[in-house]
Amino acid sequence: MNFSFLPALRTGALLSLLLPLASSSSMTDWAARRPATASARAIPAARPLQGAKPDPAVIAQFGLYNNAKLQQLITARGKAMAAISDRPGDYGFTVVDSPVINAFATPDGHVYFTRGIMAYFNDEAQFSGVLGHELGHITAQHGKKQQTRSTIAGIGMLLGSIVAPRVMQSLGGVAQQVVGLGMLKYSRDDENEADGLGVKYSTKIGYDASHMADFFQTLERTEAQSGSSIPTFLSTHPNSADRYTRVKQLAAQAKQSAGRSTFAVNRDAYLRSIEGLTFGEDPRQGFVENSVFYHPDLKFRFPIPSGWKSQNSPDKFQMQEPNGKALLVFLGAGGSSLDEAGQSLAKAIGVSNAQAQKTTINGFPALVFEGDQQASDQNSTSAHVLAQLIQDGKSIYAFVGLAEPSSFSAYAPQFQQAAQGYARLTEASKLNRQPEHIHIRTATGTQTLAAALASAGVPSSRYQELAIVNGMKTTDKLPKGMLYKVVGK
């Protein structure tokens, strides 16, 4: 039987697991998604270069960001670079719908930029430098040389000492295929080579490649501001203290040998192209507030166990006990009935001797089953599973709780309380929650960035954040007519 309970993966949630666990990333219309099947296309490590079209598995995980102007920009610049690259090919370039600051290339010949990273570029030269870096990973065949795929902390919020491999395979199998290639851990030599190729390619198509180094500084500032993990782009593209200087030197050398005296930056053109870009998390796709998960588009809510970490992704919402001793996953369950959905789910996650019972949960028709999920090999341990399926109209959702058999009874009440708290969302303030967007403003006179932000109505608590987004300091002077970014509804 196909794993019909699992909708196709979509956004950058698994990529964002390189960041601290939080109520983050996005989860969209599970009920409307086509279920993943056993024939879902995997991505082999040494696939022929035929990446003109985005991989369905990558798009299933991230989703396309529907912005024709940005897609045209990345395609045009990418094709221009590919034509002058060391290994011309039919490569593809796509902007995906994730707030995570990231860019990555798959060895099949496709480059992906998240909308999150697009928000932090401040000119086309920065954008083109990073684009050339990613294309460089492809043309230098770094992905094909790299045999060890990143497991991204075991895929999902792995259960610490409880490695439940069949659950993680069934809940995250496609992501393993996608992320394993998109997030390869390149060597320092590979990264340095990609930096050099990024400088080379962006210079060849006429851009000032030194701006790529400036963008690395912007990313480092986002790390310092958050006080936590480094941005995903830097975590998968290791940085070093001398990287900024090295890229600046490479850019200067490339300019000298380019046979031209002027190089494009195109700041205003780039800023105008990102007007209206969705910024940060999109609450329409789910958000956490006061230990409750809300989904405005699907109109439901449920509580998160007190003190647990959470991670939102398009196909599921994961909750982890702080010490990694238990995991609770909420996801869409396919099937025309509770019985069918329950049978598919039990088979997919490998629960043996499951005892199913029809019931109601908070007034909704429900099916509950419990059983053991056997370890797949001698290096992993078994898990005990409690699955609670709820039918809400035409949609069927499942709360899947896992813990070691010896400690399961301690966590079962929390699994049950989350499911029992599932309810329709009716609060207007939650239903109407809207995402923020990038907006471009024009300085009305010579003023500091802080003054410009104040005149645009930005609260002072966000000045530092917006300074980083603009690649400036709050004390930097903006001449009259200069464009700058603000963030708002």
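**Entry 1: Ile205**

I began with the contacts of Ile205, leaving aside its neighbours within four places in sequence. I found Arg77, Ala80, Met81 and Ile84 in contact with Ile205. I note here that the model is a predicted one.

I then looked up where Ile205 sits: its place is in the loop between α7 and α8, the latter spanning 210-226. Is Ile205 buried, exposed or partly exposed? Its relative accessibility is 22%, and buried would need a value under 20%, so I put Ile205 down as partly exposed.

For the distance to one of its contacts, I took Met81. Ile205 and Met81 are 124 residues apart in sequence, yet C-alpha to C-alpha they are 6.6 Å apart in space.

**Entry 2: helices α7 and α10**

Next I turned to helix α7, residues 188-204, and helix α10, residues 243-256. Two packed helices are described by the angle between their axes and the distance between the axes. I read both values: the axes of α7 and α10 come within 10 Å and cross at roughly 35 degrees. The crossing of α7 and α10 is right-handed.

Which residues make the contact of α7 and α10? On α7 I listed Glu191, Asn192, Asp195, Gly196, Val199 and Thr203. On α10 I listed Arg243, Arg246, Val247, Leu250, Ala251, Ala254 and Lys255. I sorted these residues by kind and got five nonpolar, three polar and five charged.

**Entry 3: the sheet of β1, β3 and β2**

I traced an open sheet of three strands in the order β1-β3-β2, with mixed pairing. Its edge strands are β1 (92-96) and β2 (103-106), each of which pairs on one side only. From one strand to the next, the twist averages 20 degrees.

How do β1 and β3 pair? I found five bridges between β1 and β3, residues 110-114, in the parallel sense. As one bridge to look at, I noted that Gly92 has His110 of β3 as its partner.

Two helices went into the same entry. Helix α2, residues 68-84, lies across β1 and β3 and runs at about 150 degrees to β1. Helix α4, residues 124-139, lies across β1, β2 and β3 and runs at about 145 degrees to β3.

**Entry 4: aromatic rings**

I looked up the aromatic pairs, and the structure holds 27 of them. A pair of aromatic rings is described by the distance of the centres and the angle of the planes. I chose Phe364 and Tyr422: their ring centres are 5.3 Å apart and their planes stand at 75 degrees, so I recorded the pair as edge-to-face.

What does this pair tie together? Phe364 lies in strand β12 (residues 364-373), and Tyr422 lies in the loop between α13 (408-420) and β15 (423-424), so the pair ties together parts 58 residues apart in sequence. I checked the accessibility as well: both Phe364 and Tyr422 are buried.

I then followed the ring pairs into a cluster, made of Phe293, Phe300, Phe302, Phe317, Phe330, Phe364, Tyr397, Phe399 and Tyr422.

**Entry 5: the sheet of β4, β16 and β19**

My last look was at an open sheet of three strands in the order β4-β16-β19, with antiparallel pairing. The edge strands here are β4 (278-279) and β19 (483-488), and each pairs on one side only.

How many bridges join β16 to β19? I found six between β16, residues 436-442, and β19, and the two strands run antiparallel. Among the bridge partners, I wrote down Thr442 with Leu483 in β19.

Note on methods
Residues are numbered from 1 along each chain as its sequence is written. This is a predicted model: local features need pLDDT of at least 70, side-chain atom pairs count only at pLDDT 80 or more; totals for chains, interfaces and linings use all residues. Side-chain values use heavy atoms; hydrogens and water are left out. Axes are lines fitted to C-alpha atoms, for helices over the stretch in contact, and angles run from 0 to 180 degrees between N-to-C directions. Helices (H or I, at least four residues) and strands (E, at least two) are DSSP runs, numbered from the N terminus. A crossing is left-handed if the near helix is turned anticlockwise from the far one by less than a right angle, and right-handed if clockwise. Contact means heavy atoms within 4.5 Å. Ala, Val, Leu, Ile, Met, Phe, Trp, Tyr, Cys and Pro count as nonpolar, Asp, Glu, Lys and Arg as charged, and the others, Gly among them, as polar. Buried means under 20% relative accessible area, exposed over 50%, partly exposed in between (1.4 Å probe, protein chains only). Two strands pair if DSSP finds at least two bridges between them. Rings of Phe, Tyr and Trp (its six-membered ring) pair if their centres lie within 6.5 Å; planes under 30 degrees apart count as stacked, over 60 as edge-to-face and the rest as tilted.
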